[in-house]
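Welcome to this short tour of a protein chain. Take a moment to look at the sequence and turn the structure around before reading on.

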Amino acid sequence: MSQEFGYESTSISTEPIETVIGVKTVFKGNVSTTTPIRIDGVFEGEIETDNVIIVSKTGSLKGNVTCKEMQLYGHACGTLNCSYLLSIKAGAVYEGDVTTRNLETVLDSVLDGTCTMLKPRQE
């Protein structure tokens with residue numbers, strides 16, 4: 001586990017993280033990418049990726065998000081469309097509307113809003 005940023009990647013993605021919003025950074029705008037994103041600072045806007053988003057303990061995300069997977073260690077609010085997994089870790093808070101196929105929460109995590117679960121894919 002990275003003690004500095006407060007996250008441990010358990011992502012299904014094996015790609016290196018190329019996009020990082022640093023601890024002392026505030027980003028307002030839109031991001032569209034196919035690679036993993038890590039937010040250690042503040043992000044406000046829209047994110048679209050078919051990969052993973054990691055919001056560390058120092059990270060904050062506000063806006064509309066479309067992704068494959070989100071690992072939340074910090075704070076996020078807005079609308080989330082997550083095609084595979086939303087994982088809310090201990091101490092993390094998500095406020096808003098979530099649509100996901102899989103939801104993982106642990107003790108001391110918060111989901112304050114609505115959650116719509118997608119049906120499993122038929123294999």
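In which sense do strand β7 and strand β8 pair, and over how many bridges? Strand β7, covering residues 75-88, pairs with strand β8, covering residues 93-105, in the parallel sense, and twelve bridges hold this pairing. Please keep in mind that you are looking at a predicted model. The mean pLDDT of the protein chain is 90, and 86% of its residues reach 70 or more.

**The overall picture**

- The secondary structure of the protein chain consists of nine strands and zero helices.
- Reading from the N terminus, you therefore meet the elements in the order β-β-β-β-β-β-β-β-β.
- Among these elements, strand β4 (residues 42-49) has the highest mean pLDDT, at 98, while strand β1 (residues 19-21) has the lowest, at 95.
- Where pLDDT is low, predicted coordinates should not be read in detail.
- The protein chain has 123 residues, and 42% of them are buried.
- About 6700 Å² of the protein chain is exposed, with carbon and sulfur atoms supplying 48% of that area.
- Take the contacts between residues at least 6 apart in sequence: 12% of these join residues at least 24 apart.

**Strands side by side**

- Within the pairing of β7 and β8, you can look for A76, whose bridge partner in β8 is Y94.
- Strand β8 also pairs with strand β9 (residues 110-117): the two run parallel and are joined by eight bridges.
- To find a spot in that second pairing, look for T100, which stands opposite M117 in β9.
- As a general point while you look at strands, side chains in a regular strand alternate between the two faces of the sheet.

**Around T35**

- T35 sits in the loop that connects β2 (26-33) with β3 (37-39).
- Is T35 buried or exposed? T35 counts as buried because its relative accessibility is 10%, and the cut-off for buried is under 20%.
- The side chain of T35 makes a polar contact of 3.0 Å with the side chain of T33.
- Leaving out residues up to four places away in sequence, T35 touches E15, E18, T19, T49 and N51.

**P16, before the strands begin**

- P16 lies in the segment before β1.
- With 57% relative accessibility, P16 counts as exposed, because the cut-off for exposed is over 50%.
- Although P16 and P36 are 20 residues apart along the chain, their C-alpha atoms are separated by 7.1 Å.

**Salt bridges**

- How many salt bridges does the count come to? The count comes to two salt bridges.
- One of them joins the side chains of D40 and R38, with an N to O distance of 2.8 Å.
- D40 is placed in the loop between β3 and β4.
- D40 is buried because its relative accessible area is 1%, and R38 is buried too, with a relative accessible area of 12%.
- The C-alpha atoms of D40 and K24 are separated by 8.1 Å, and these two residues are 16 apart along the chain.
- Another salt bridge forms where the side chains of E104 and K89 meet, at 3.4 Å from N to O.
- This pair links distant parts of the chain, since E104 belongs to strand β8 and K89 to the loop between β7 and β8, 15 residues apart.
- E104 is partly exposed, with a relative accessible area of 35%, whereas K89 counts as buried at 15% relative accessibility.

**A backbone angle to look at**

- Where is D108 found? D108 lies in the loop between β8 and β9.
- D108 has a phi near 70°, which is a positive value in a residue other than glycine.
- Most residues other than glycine have a negative phi.
- Is D108 buried or exposed? D108 counts as exposed because its relative accessibility is 66%.

Conventions. Residues are numbered from 1 along each chain as its sequence is written. This is a predicted model: local features need pLDDT of at least 70, side-chain atom pairs count only at pLDDT 80 or more; totals for chains, interfaces and linings use all residues. Side-chain values use heavy atoms; hydrogens and water are left out. pLDDT is the predictor's confidence in each residue, from 0 to 100. Helices (H or I, at least four residues) and strands (E, at least two) are DSSP runs, numbered from the N terminus. Buried means under 20% relative accessible area, exposed over 50%, partly exposed in between (1.4 Å probe, protein chains only). A polar contact is a pair of N or O atoms within 3.5 Å; within protein, one must be able to donate a hydrogen and the other to accept it, and residues adjacent in sequence count only if both atoms are side-chain atoms. Contact means heavy atoms within 4.5 Å. Accessible areas come from the Shrake-Rupley method with a 1.4 Å probe; for residues, only the protein chains shown count as cover. Two strands pair if DSSP finds at least two bridges between them. A salt bridge is a side-chain nitrogen of Lys or Arg within 4 Å of a carboxyl oxygen of Asp or Glu.
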